[in-house]
Amino acid sequence: MDTTAQYNTVISYCKDLFLKKAKDYGTAWRIMRVSSITDQLYIKAQRIRTLEEKKVSKVGEGILDEYVAIVNYSIMAMIQLELPEDSPENLPYHTVENLYDQMVNETRDLMFAKNHDYGEAWREMRISSLTDLILMKLHRVKQIEDNNGQTLVSEGLKANYQDMLNYAVFALIKLDVAEKD
């Protein structure tokens with residue numbers, strides 16, 4: 001189990017979809033405030049939890065699709081946080097790709113640092129626990145947003161989005177996306 005290869009395979013899968021949508025829609029998502037992206041993430045994570053509990057989907061898309069969306073929405077949120085307020089709504093394709101890679105690289109580095117300290121404990125976790133951790137992070141992010149981004153001792157918004165991205169990648173690895181490429 002090569003974590004680097006699995007992580008990169010999952011990201012490649014997610015990035016491919018993200019960039020295809022960028023060609024179809026451009027950067028229409030740039031109109032969204034970060035809090036709206038947080039709400040989209042919440043909808044995706046809550047849907048995963050519902051599917052885990054009910055075991056039935058009535059709209060066709062499954063858990064895997066929702067985890068991919070969590071990866072990509074987390075990256076959108078981080079890009080929105082990083083770009084200056086006066087950045088154009090429509091970004092060139094190559095800029096979007098570079099920003100995607102930048103966010104992934106920073107987040108992957110964080111994952112490896114934490115993996116070193118935690119000994120890849122995520123491999124022993126249930127996928128449902130990863131879902132719950134994402135939901136918990138979303139509640140934290142909503143609270144930080146409600147506090148206008150101010151925290152006393154807690155990590156900021158970007159660190160929470162990075163954690164959600166990594167939890168979603170772990171879930172996708174456990175769902176064997178890394179083996180399907």
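# Close-up views of an all-helix pattern

**View 1. Just past the end of α4, Gly119 takes a positive phi of about 65°.** What you're looking at is a predicted model, where local features need pLDDT of at least 70, side-chain atom pairs count only at pLDDT 80 or more, and totals for chains, interfaces and linings use all residues. Residues are numbered from 1 along each chain as its sequence is written, and side-chain values use heavy atoms, with hydrogens and water left out. Helix labels such as α4 come from DSSP runs numbered from the N terminus (H or I, at least four residues, for helices; E, at least two, for strands). Glu120 also has a positive phi, about 55°, although it isn't a glycine. Most residues other than glycine have a negative phi. Glu120 sits in the loop between α4 and α5. How accessible is Glu120? It counts as partly exposed, at 23% relative accessibility. The cut-offs here are buried for under 20% relative accessible area, exposed for over 50%, and partly exposed in between, using a 1.4 Å probe and protein chains only.

**View 2. The whole protein, for orientation, has 7 helices and 0 strands.** Along the sequence the pattern simply runs α-α-α-α-α-α-α. The C-alpha trace spans about 45 × 40 × 35 Å along its principal axes. A compact globule of 181 residues would have a radius of gyration near 16 Å, and the protein agrees, with 16 Å. That radius is taken over C-alpha atoms, and the globule rule is 2.2 Å times the number of residues to the power 0.38. Buried residues account for 45% of the 181. Among contacts (heavy atoms within 4.5 Å) between residues at least 6 apart in sequence, 81% join residues at least 24 apart. About 9,900 Å² is exposed, with carbon and sulfur atoms supplying 49% of it; accessible areas come from the Shrake-Rupley method with a 1.4 Å probe, and for residues only the protein chains shown count as cover.

**View 3. Helix α4 covers residues 93-118.** At 1.5 Å a residue, its 26 residues should span 38 Å, and the end C-alpha atoms agree at 37 Å apart. The expected span is 1.5 Å times one less than the number of residues. Which residues of α4 are buried? They are Val96, Leu99, Tyr100, Met103, Val104, Thr107, Arg108, Met111 and Asn115. An α-helix has 3.6 residues a turn, so residues three or four places apart point the same way. The cover over the buried residues of α4 includes α1 (3-25), α3 (63-82) and α6 (157-174).

**View 4. Helix α2 covers residues 34-54.** This one has 21 residues, which should span 30 Å at 1.5 Å a residue, and its end C-alpha atoms are indeed 30 Å apart. Val34, Ile37, Thr38, Leu41, Lys44, Ala45, Arg47, Ile48, Leu51 and Glu52 of α2 are buried. Its buried residues pack against α3, α5 (127-146) and α6. Just after α2, Lys55 takes a positive phi of about 65°.

**View 5. Glu66 lies in helix α3.** Glu66 is buried, with a relative accessible area of 3%. If you skip its neighbours within four places in sequence, Glu66 is in contact with Lys44, Arg47, Ile48 and Glu61. Lys44, Arg47 and Ile48 are among the buried residues of α2. As for Ala113, it is 47 residues from Glu66 in sequence and 26 Å away in space, C-alpha to C-alpha.

**View 6. Here are two residues of α1, Thr3 and Lys15.** Thr3 is buried, with a relative accessible area of 6%. Leaving out residues up to four places away in sequence, Thr3 touches Met111, Phe112, Asn115, Glu120, Trp122 and Arg123. Between the C-alpha atoms of Thr3 and Glu52, 49 residues apart along the chain, the separation is 25 Å. Lys15 is buried too, with a relative accessible area of 16%. What does Lys15 touch, not counting residues up to four places away in sequence? The list is Asn72, Glu97, Tyr100 and Asp101.

**View 7. Asn148 sits in the loop between α5 and α6.** Its phi is near 55°, a positive value in a residue other than glycine. At 66% relative accessibility, Asn148 counts as exposed.
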